[in-house]
Amino acid sequence: MEKYNIRADFLKAGTRKEAKRGEYICNPLVDGITQTVCYLDQGIASLISYNDSGEERIHLYFNEKRVIGFAGALTRMFSDDWNQNRDLGYVIAPQMCWAIAKTDCVFYRITEQQFQHLMSESPDFCKGILSSMTYNYLALISKFHITMDGNRTAQFCQWLLSCRIKKGGCYVIPKEFSFAEVSKYLGMHPVTVSRLAKKLKELGAIDRKDSYIIIKNEELLVSLMHNHDLV
């Protein structure tokens, strides 16, 4: 029996869309009306919010083959249950966040009505959404713990592994990423990021060619996340 892949449901029921770098994939100011859920098929997107000064804050990067934009739909699905539970009565809607194309992206969009139908009728689809929720949750918790530990090597290695895409038979970091942006996301000085990249290249974990960072040894990057800081 063929293994279920949630992508097939999005391709069957969804509308194919493209977003150029910097364009919105999920925009709550619009999606609050259109109410859609997306499957990111190609490219990398960033989950962002804006502070009171209008400054962009990046919370997480989504690489390809990810379901995004379902938090609002699920919140609306379960809000009545939460309101009936006195202990959960204080639960409020999550902070407004946007998903923006970091690279050129291809994604498939379904309506919230289609999403609710699939959630009700397809146990496999529910499992796929639960898998996506768990992955996003663990990614955020892992980022939080590594940041709190202050291990800059672990932070940088985790970022490399989360933002890689397949290109020409190997995994690379898209050239759209600059050390300045990465350093802001990781809360480091750009010089620190540059030193880490140099050290990882010396160890054979990554390489650099044609403005791309090439992932040469994923296992080494994973192991370095659990070792002492290199800088």
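Trainee: Why is strand β3 called mostly covered?

Mentor: The model is a predicted one. Strand β3 spans residues 36–42, and six of its seven residues are buried. A residue is called buried because its relative accessible area is under 20%. Since six of the seven residues of β3 are buried, the strand is described as mostly covered.

Trainee: What makes β3 and strand β8 a pair?

Mentor: Two strands pair if at least two bridges are found between them. β3 and strand β8 (residues 105–111) are joined over six bridges, in the antiparallel sense. Six bridges satisfy the cut-off of at least two, so the two strands count as paired. V37 stands opposite I110 in β8, and the bridge partner of L40 in β8 is F107.

Trainee: How do you know that β3 and β6 pair as well?

Mentor: The reasoning follows the cut-off of at least two bridges. β3 and β6 share three bridges, again in the antiparallel sense, so the condition of at least two is met. Y39, for instance, has V67 in β6 as its bridge partner. Strands of a sheet pair through backbone hydrogen bonds.

Trainee: Which strands form the open sheet that contains β3, and what makes β1 and β6 its edge strands?

Mentor: Four strands form this open sheet, in the order β1-β8-β3-β6, with antiparallel pairing. β1 (15–19) and β6 are the edge strands, as each pairs on one side only. From one strand to the next, the twist averages 30°.

Trainee: Why are β9 and β11 called edge strands in the sheet with the order β9-β10-β12-β11?

Mentor: That sheet is open, has four strands in the order β9-β10-β12-β11, and is paired in the antiparallel sense. β9 (165–167) and β11 (206–209) each have a single partner strand, so one side of each is left without a neighbour in the sheet. The twist in this sheet averages 45° from one strand to the next.

Trainee: How do you know that β11 and strand β12 pair?

Mentor: β11 and strand β12 (residues 212–215) have four bridges between them, in the antiparallel sense. The requirement is at least two bridges, so this pair qualifies. R208 stands opposite I213 in β12.

Trainee: What makes phi of S211 worth a remark, and is S211 buried or partly exposed?

Mentor: Phi of S211 is near 70°, a positive value in a residue other than glycine. S211 lies in the loop between β11 and β12. Its relative accessible area is 48%, so S211 is partly exposed; the range for that word lies between 20% and 50%.

Trainee: Where does K65 lie, and why is K65 called partly exposed?

Mentor: K65 lies in the loop between β5 (56–62) and β6. K65 has a positive phi of about 70° although it is not a glycine. The relative accessible area of K65 is 43%, which is why K65 is called partly exposed.

Trainee: Which residues are the closest to the centre of the second largest pocket?

Mentor: The second largest pocket has a volume of about 660 Å³. Of the 21 residues that line it, N5, I6, K65, S131 and S132 are the closest to its centre. β6 (66–68) and α5 (123–149) are the elements that give two or more residues to the lining. α5 gives the most, with seven residues. By type, the lining divides into seven nonpolar, six polar and eight charged residues.

Trainee: Why is I25 called buried?

Mentor: I25 has a relative accessible area of 1%, so it falls under the 20% cut-off and is buried. I25 lies in strand β2 (residues 24–26). The C-alpha atoms of I25 and I100 are separated by 5.4 Å, while the two residues are 75 apart along the chain.

Trainee: How do you know that C157 and C170 are in no disulfide?

Mentor: A disulfide requires two cysteine sulfur atoms within 2.5 Å. For C157, the nearest cysteine sulfur is that of C163, 13 Å away. For C170, the nearest cysteine sulfur is again that of C163, 16 Å away. Neither distance is within 2.5 Å, so neither residue is in a disulfide. By this rule the count comes to zero disulfides.

Trainee: Are C157 and C170 buried or partly exposed?

Mentor: C157 has a relative accessible area of 0%, so C157 is buried. C170 has a relative accessible area of 27%, so C170 is partly exposed.

Note on methods:
Residues numbered from 1 in each chain as written. Predicted model: local features only at pLDDT ≥ 70, side-chain atom pairs only at ≥ 80, totals over all residues. Heavy atoms only, no water. 1 Å grid on protein atoms, 1.4 Å probe; cavity = no way out; pocket = protein on both sides within 12 Å on 5 of 7 lines; lining within 4 Å. Points joined across faces, edges and corners; volume = space filled by probe spheres on them. Nonpolar A, V, L, I, M, F, W, Y, C, P; charged D, E, K, R; others polar. Buried < 20%, exposed > 50% of the residue type's maximum accessible area, 1.4 Å probe, protein only. Axes fitted to C-alpha atoms, helices over the stretch in contact; angles between N-to-C directions.
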